[in-house]
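The following paragraphs go from the chain as a whole to one residue within it, and they are best read with the structure open alongside.

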Amino acid sequence: MAWEAAYLAGIIDGEGTITLTRIHKNEHRRPCITIASTDKELLIYTKSLTGGIISNKKNYNPEKHKNSFTLNIKKKEKVIDILTHVLPYLRVPSKRKRAFWIIEHYDKVTIRNGKYSKERLNQKLAFEKAFFKF
């Protein structure tokens, strides 16, 4: 629904990150959305819309700080689907640019089996370099 996409875009604009990350040390980066919050109910609701995994963040000073949680969405297909739905509603320019860049270019520069020719690897690395300028 459009209102849920707009609501999710607001959460990503305010508390989220759209990035490229490595899950394993020797692999190429893949798209990821993370949302951090002290409100676990918000993350549980967001997870019901997006999937992903909620993890606890270590609270080093519980007398001063609330417990904090992070929702991580790392499945490429899910991330691209979410970004496609929320893109029209994102308001933070860098997040809009990152979402658009992933939607438009990630699949074009990513080889399914991970075996890159020198030229394709250069395209992949150029994509990542451009992405991190946003």
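In this predicted model, the chain exposes about 8,600 Å², of which carbon and sulfur atoms supply 53%. Buried residues account for 34% of the 134 residues in the chain, and the C-alpha trace spans about 55 × 35 × 25 Å along its principal axes. The chain carries 27 positive and 13 negative charges, and the mean positions of these two sets lie 7 Å apart.

The secondary structure consists of five helices and four strands, which, read from the N terminus on, follow the order α-β-β-α-β-β-α-α-α. As for how the chain is connected through space, when contacts between residues at least 6 apart in sequence are considered, 56% of them join residues at least 24 apart.

Within this arrangement, Ser-37 offers a local view, belonging to strand E2, which covers residues 30–37. Is Ser-37 buried or exposed? Its relative accessibility is 10%, and because buried means under 20%, Ser-37 counts as buried. Leaving aside residues up to four places away in sequence, Ser-37 touches Leu-42, Leu-43, Ser-68 and Phe-69. The side chain of Ser-37 also places a polar atom 2.9 Å from the backbone nitrogen of Asp-39. Towards the N terminus, Ala-6 is 31 residues from Ser-37 along the chain, and the C-alpha atoms of these two residues are separated by 18 Å.

Terms used:
Residues numbered from 1 in each chain as written. Predicted model: local features only at pLDDT ≥ 70, side-chain atom pairs only at ≥ 80, totals over all residues. Heavy atoms only, no water. Helix = DSSP H or I, 4+ residues; strand = E, 2+ residues; numbered from the N terminus. Buried < 20%, exposed > 50% of the residue type's maximum accessible area, 1.4 Å probe, protein only. Contact = heavy atoms within 4.5 Å. Polar contact = N/O pair within 3.5 Å; in protein donor to acceptor, adjacent residues only side chain to side chain. Areas by Shrake-Rupley, 256 points an atom, 1.4 Å probe, with all protein chains shown as cover. Lys, Arg positive; Asp, Glu negative; His and termini not counted. Charge placed at Lys NZ, Arg CZ, Asp CG, Glu CD.
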